[in-house]
Amino acid sequence: MSFEKVSERFQHFVTQETASSPLYSRLSLAVAADPAILSIAARARPGQPLPNMLFGAVHYLLLQDASDPLAAFYPDLNSEPNPPENVYPYFRAFCLANQPAIEELLETRLVQTNEVQRCVCLMPLFGVVARSAGTELALVEIGTSAGLNLLWDRYGYDYNAGGQYGDLASSLILEGILRGSRQPPFPASWPEIKSRVGLDLNPLQLDNPADMLWLRALIWPEHLKRAGRLETAIRLAQANRPEIIAGNALDTLPAVLQNTSPEATLCLFHSFTLNQFSPQMRQSLWSLLADFSRQRKIYVISFESQREGFPQLSLTQLDNGQATDQVLARADPHGSWLEWLT
């Protein structure tokens with residue numbers, strides 16, 4: 001990939017994604033004009049979001065050892081961080097001094113955020129599926145990372161004026177804001193989960209400290225509440241481990257679908273995963289699901305970014321090869337707010 005293309009990725013990151021991170025906004029602007037650092041970022045695997053990978057790799061190393069002067073600019077590593085306006089010389093020096101370690105992370109890791117807060121937005125759609133099907137659910141998540149969102153029914157939910165739902169005695173209570181005039185159709189009773197299976201090309205292992213540190217490093221330095229939620233969710237998942245299968249979803253999904261209990265409603269979901277699929281892979285996925293729907297009905301919940309505007313949540317019903325698709329909501333990428341549309 002040319003330096004121009006890599007630079008464009010960082011410029012786009014500034015304009016579209018860094019509103020909640022002054023540190024990463026400042027770094028992205030500077031990296032976009034620095035060929036030496038762009039050449040390091042370009043070592044990430046094809047299809048990976050380069051800014052997230054570079055900043056995640058640097059963050060990973062700082063979380064292991066915060067003695068470098070660069071750590072003084074990170075709010076999660078310093079209670080009184082230095083202003084981001086002065087960060088870039090320190091960041092550049094750190095990248096050049098630690099180039100081999102950073103490049104190894106870029107070449108071996110993937111962006112696999114497991115943003116448990118997104119369950120605030122996913123939960124109402126699981127309720128819609130359960131209400132429509134009237135049976136217990138068999139969950140399959142594509143791009144599961146460490147599988148934290150497969151445990152959405154083990155969390156409590158507080159939508160302020162919108163009400164409280166789920167397990168309010170849980171150690172993890174997720175707070176969300178409802179926008180707009182429409183109330184989501186929250187489930188009157190919690191659906192029973194018959195099975196939960198996560199698929200990932202390179203899943204993060206809950207008992208692997210390096211994997212969990214990588215997951216933590218992908219959370220932006222200013223997002224202290226996100227980091228706290230992640231740590232609590234990891235502890236819950238370690239006590240309630242979902243089944244996770246490694247491999248390309250196009251290869252592993254057929255057997256998972258065949259082995260799912262026929263008495264349960266088959267409900268697939270994915271969040272911020274298909275952006276890493278090529279157009280051909282997306283077409284193959286939908287062809288696979290359409291073919292299997294000739295055997296049994298499938299519900300698919302999608303929470304994905306859009307070229308323009310906020311991410312959307314949609315529900316697709318596949319039955320006998322035919323798809324019925326409906327956009328139900330839009331939301332903050334990290335799940336802090338939800339706006340129901342229908």
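Two strands are taken to pair if DSSP finds at least two bridges between them. On this basis the strand arrangement of the predicted model is described below, followed by its internal cavities.

An open sheet of nine strands is found, with the order β5-β12-β11-β10-β9-β8-β1-β6-β7 and mixed pairing. The edges are taken by β5 (177-179) and β7 (243-246); each has a single partner strand, so one side of each is left without a neighbour in the sheet. From one strand to the next, the twist averages 25°.

Within the nine-strand sheet, strand β8 (residues 265-271) lies between β9 and β1 in the strand order. Strand β1 (residues 137-142) is joined to β8 by five bridges, and these two strands run parallel. In this pair, Leu-137 stands opposite Thr-265 of β8. On the other side, six bridges connect β8 to strand β9 (residues 298-304), again in a parallel arrangement; here Leu-266 of β8 is opposite Ile-298 of β9. The chain passes from β8 to β9 by way of helix α11 (residues 279-292), and the three elements make a right-handed β-α-β unit. Strand β9 is also joined to strand β10 (residues 312-319), by seven bridges, but this pair runs antiparallel. Tyr-299 of β9 stands opposite Gln-317 in β10.

The environment of β8 was examined by residue. With buried defined as under 20% relative accessible area, seven of the seven residues of β8 are buried, so the strand is largely enclosed by the rest of the structure. In a regular strand, side chains alternate between the two faces of the sheet. In β8, Thr-265, Cys-267, Phe-269 and Ser-271 point one way, whereas Leu-266, Leu-268 and His-270 point the other way, and all of these residues are buried.

A further open sheet consists of three strands in the order β3-β2-β4, with mixed pairing. Its edge strands are β3 (164-166) and β4 (173-175), each of which pairs on one side only. Neighbouring strands of this sheet are turned by 20° against each other on average, direction ignored. Strand β2 (residues 156-158) is joined to β3 by three bridges, and the two run antiparallel. In this pair Gly-156 stands opposite Gly-166 of β3.

Two cavities of 30 Å³ or more are present in the structure. The largest has a volume of about 70 Å³. Its lining is made up of Thr-113, Asn-114, Glu-115 and Val-116, together with Leu-215, Ile-219, Arg-226 and Leu-230. By residue class, the lining of the largest cavity comprises four nonpolar, two polar and two charged residues.

The second largest cavity has a volume of about 40 Å³. It is lined by Tyr-24, by Pro-51, Asn-52, Phe-55 and Gly-56, and by Ala-217, Leu-218 and Trp-220. Helix α4 (residues 50-64) gives the most to this lining, with four residues. The lining of the second largest cavity divides into six nonpolar and two polar residues, with no charged residue. Charged residues are thus represented in the lining of the largest cavity and absent from that of the second largest.

Technical notes:
Residues are numbered from 1 along each chain as its sequence is written. This is a predicted model: local features need pLDDT of at least 70, side-chain atom pairs count only at pLDDT 80 or more; totals for chains, interfaces and linings use all residues. Side-chain values use heavy atoms; hydrogens and water are left out. On a 1 Å grid over the protein atoms alone, a cavity is a set of points where a 1.4 Å probe fits but cannot get out, and a pocket is an open set with protein on both sides within 12 Å along at least five of seven lines; lining residues have an atom within 4 Å of a point. Grid points are joined across faces, edges and corners, and a volume is the space filled by probe spheres set on the points. Ala, Val, Leu, Ile, Met, Phe, Trp, Tyr, Cys and Pro count as nonpolar, Asp, Glu, Lys and Arg as charged, and the others, Gly among them, as polar. Buried means under 20% relative accessible area, exposed over 50%, partly exposed in between (1.4 Å probe, protein chains only). A crossover is right-handed if, with the strands pointing away from the viewer, the path from the first strand over the helix to the second runs clockwise. Axes are lines fitted to C-alpha atoms, for helices over the stretch in contact, and angles run from 0 to 180 degrees between N-to-C directions.
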